[in-house]
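Visitor: I would like a close look at a single part of this model, with the cut-offs behind each term stated as you go.

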Amino acid sequence: SALQGKLYRAMLTAAEQLSNKRIVLIPELVELAKKKPGRLIIDDTSNPKYANLRGLTRKLFIPSTSGYCNGYRILLFLWESNGERFPVAFAMWHKESAPLLELTLEGFSLLRNTVGLKPFSVLGDGAFGTEEIIKRITDYGWPCIFRIKNNRKLNGEKIKRLIPGGYGKCS
């Protein structure tokens, strides 16, 4: 969705902090999210375009081509409410950054403990359906929906055994 000019400028201003902070909150958009009950979406996007970004690029797997490139990933924490979706925080995953899992957990912690967001649910794809992330979210009392790869374990059991048909509710 298109952001108002003021909110778009706030997002661009926050992006300038990426070199100084691991997780960047966008205060104006966080305040907007607090006023609009919704869900939190966690996603990442690969950016192979800027291969020489201050020597911070890393080798990235590109699923659509089954190939590799040099680049970085942007980790996005998006808020969705009434069909409107906007970023409330983001991070850059690159050669010198913390692992993606650690950045994700830190982002959840900031959004809950520092700014007090309370989503109805958290959505994410298979990259975020890890035991550590699911444990953190359930500890926060947030319902979650994740695509979980069948080679992962949850509570020490293989997902394939918990959900034999490949989809369904995991107990």
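Visitor: Taking helix α3 as that part, which residue follows α3, and is the phi of that residue positive or negative?

Guide: The residue that follows α3 is G116, and its phi is positive, near 75°. Before going further, please keep in mind that this is a predicted model, in which local features need pLDDT of at least 70 and side-chain atom pairs count only at pLDDT 80 or more, while totals for chains, interfaces and linings use all residues. Residues are numbered from 1 along each chain as its sequence is written, and side-chain values use heavy atoms, with hydrogens and water left out.

The protein chain has 5 helices and 9 strands, these being DSSP runs numbered from the N terminus (H or I over at least four residues for a helix, E over at least two for a strand). Helix α3 itself has 15 residues and reaches 20 Å from its first C-alpha to its last, close to the 21 Å expected, where the expected span is 1.5 Å times one less than the number of residues.

Within α3, the buried residues are L100, L103, T104, L105, G107, F108 and L111; buried means under 20% relative accessible area, computed with a 1.4 Å probe and protein chains only. As background to reading such a list, an α-helix has 3.6 residues a turn, so residues three or four places apart point the same way.

Two of these buried residues, F108 and L111, are also among those with the most contacts inside the largest nonpolar core, which has 36 residues. Such a core is a set of buried Ala, Val, Leu, Ile, Met, Phe, Trp, Tyr and Cys residues joined through side-chain atoms within 4.5 Å. The elements giving it two or more residues include α3 (100-114), along with α2 (27-35), β2 (39-47), β4 (67-81), β5 (84-93) and α4 (131-139), and the largest share, 7 residues, comes from β5.

A link from α3 to the rest of that core can be followed through V88, another of the residues with the most contacts inside it: leaving aside neighbours within four places in sequence, V88 is in contact with L111, and also with residues including L40, F77, W79 and L117, contact meaning heavy atoms within 4.5 Å. For the setting as a whole, buried residues make up 42% of the 171 residues in the protein chain, and residues 24 or more positions apart account for 58% of its contacts with a separation of 6 or more.

Conventions
Buried < 20%, exposed > 50% of the residue type's maximum accessible area, 1.4 Å probe, protein only.
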